[in-house]
Amino acid sequence: MQQASIWGWGSVATWVSIAAGLALIAAFAWRELRESEPLLRLRMFANRAFAADNAVLFLLMIAFVPLFFFGSTYSQISLGDDPSGAGLYLLTLFAGFAVASMIGGRILDSRGARPSVLVGCALATVGFFLWGRELPELDYDGQWYLIVLTGA
């Protein structure tokens, strides 16, 4: 995937690499399903709730993992923060996460995963949208509460 920007998406090498990667994943899964003590117990994914939770987390991480890189870069280049300030900028996200995870845990215990996942995904979506609209203003004071909402 990384080389696709250099080789191009139409390159045979790109598609051979992707096919080889998928074949290796399939071979790993096939082998793990036959081991008495596997590295990864793939049969856990047969549990629908577990598989759904992991799918949601995977999709959320597509948004949140790049956030740490781009957020720290934005903080340093656009807002003029030093690296410590960039860390504090991103720490704002975890303020919302810390509070919401306690509330979400209570909801999970009393009503199951669906309500907390749905509310959490909705809050993150609204937070990302509003925060993204505020980024061009280059003003942390106008962003911090949106960052907290995104983290929640």
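**Around helix α5 and the loop that follows**

Leaving aside its neighbours within four places in sequence, Ala124 is in contact with Phe64 and Thr150. That is a handy place to start reading this predicted model. Ala124 sits in helix α5 and, with a relative accessibility of 7%, counts as buried, the cut-off being 20%. Val148 is 24 residues away from Ala124 along the chain, yet the C-alpha atoms of the two are separated by 9.6 Å. As for how far the model can be trusted, the protein chain has a mean pLDDT of 90, and 100% of its residues reach 70 or more. Confidence is highest in helix α2 (residues 12-34), at a mean of 96, and lowest in helix α3 (residues 48-77), at 87.

Now for the helix that holds Ala124. Helix α5 is made up of 22 residues and spans 31 Å from its first C-alpha to its last, close to the 32 Å expected at 1.5 Å a residue. Its buried residues are Ser116, Ala124, Gly127 and Trp131. Seen down the axis of α5, these buried residues fall within an arc of 75°, so they line one face of the helix. The general background is simple: an α-helix has 3.6 residues a turn, so residues three or four places apart point the same way. On the other side of α5, the exposed residues are Arg114, Leu118, Thr125, Phe129 and Arg133. As for partners, the buried residues of α5 pack against α3, α4 (83-111) and α6.

Two of those buried α5 residues, Ala124 and Trp131, turn up again in the largest nonpolar core. This core has 10 residues, and the others are Phe64, Leu67, Tyr74, Tyr89, Leu90, Leu93, Leu146 and Ile147. Helices α3, α4, α5 and α6 are the elements that give two or more residues to the core. In soluble globular proteins, nonpolar side chains tend to be buried together.

Thr150, the other partner of Ala124, belongs to helix α6. Thr150 is buried, with a relative accessible area of just 1%. Not counting residues up to four places away in sequence, Thr150 touches Phe64, Leu93, Ala124, Gly127, Phe128 and Trp131. Closer to home in the sequence, the side chain of Thr150 reaches the backbone oxygen of Leu146 at 2.9 Å.

Next comes the loop between α5 (113-134) and α6 (144-151), where Tyr140 lies. Tyr140 is partly exposed, at a relative accessible area of 32%. Tyr140 and Ala124 are 16 residues apart in sequence, and their C-alpha atoms are 19 Å apart in space. Beyond four places in sequence, Tyr140 touches Tyr89, Thr92 and Ile147. With Thr92 there is also a polar contact, 2.7 Å long, between the two side chains. Tyr89, a member of the core, has a longish contact list of its own, including Gly71, Tyr74, Trp131, Leu135, Tyr140 and Ile147.

Leu138 lies in that loop between α5 and α6 too. Leu138 is partly exposed, with a relative accessible area of 46%. What catches the eye is its backbone: Leu138 has a positive phi of about 55° although it is not a glycine. Most residues other than glycine have a negative phi.

How values were computed
Residues are numbered from 1 along each chain as its sequence is written. This is a predicted model: local features need pLDDT of at least 70, side-chain atom pairs count only at pLDDT 80 or more; totals for chains, interfaces and linings use all residues. Side-chain values use heavy atoms; hydrogens and water are left out. Helices (H or I, at least four residues) and strands (E, at least two) are DSSP runs, numbered from the N terminus. Buried means under 20% relative accessible area, exposed over 50%, partly exposed in between (1.4 Å probe, protein chains only). Contact means heavy atoms within 4.5 Å. A polar contact is a pair of N or O atoms within 3.5 Å; within protein, one must be able to donate a hydrogen and the other to accept it, and residues adjacent in sequence count only if both atoms are side-chain atoms. pLDDT is the predictor's confidence in each residue, from 0 to 100. The expected span of a helix is 1.5 Å times one less than its number of residues. The arc is that of the directions from the helix axis to the C-beta atoms. A nonpolar core is a set of buried Ala, Val, Leu, Ile, Met, Phe, Trp, Tyr and Cys residues joined through side-chain atoms within 4.5 Å.
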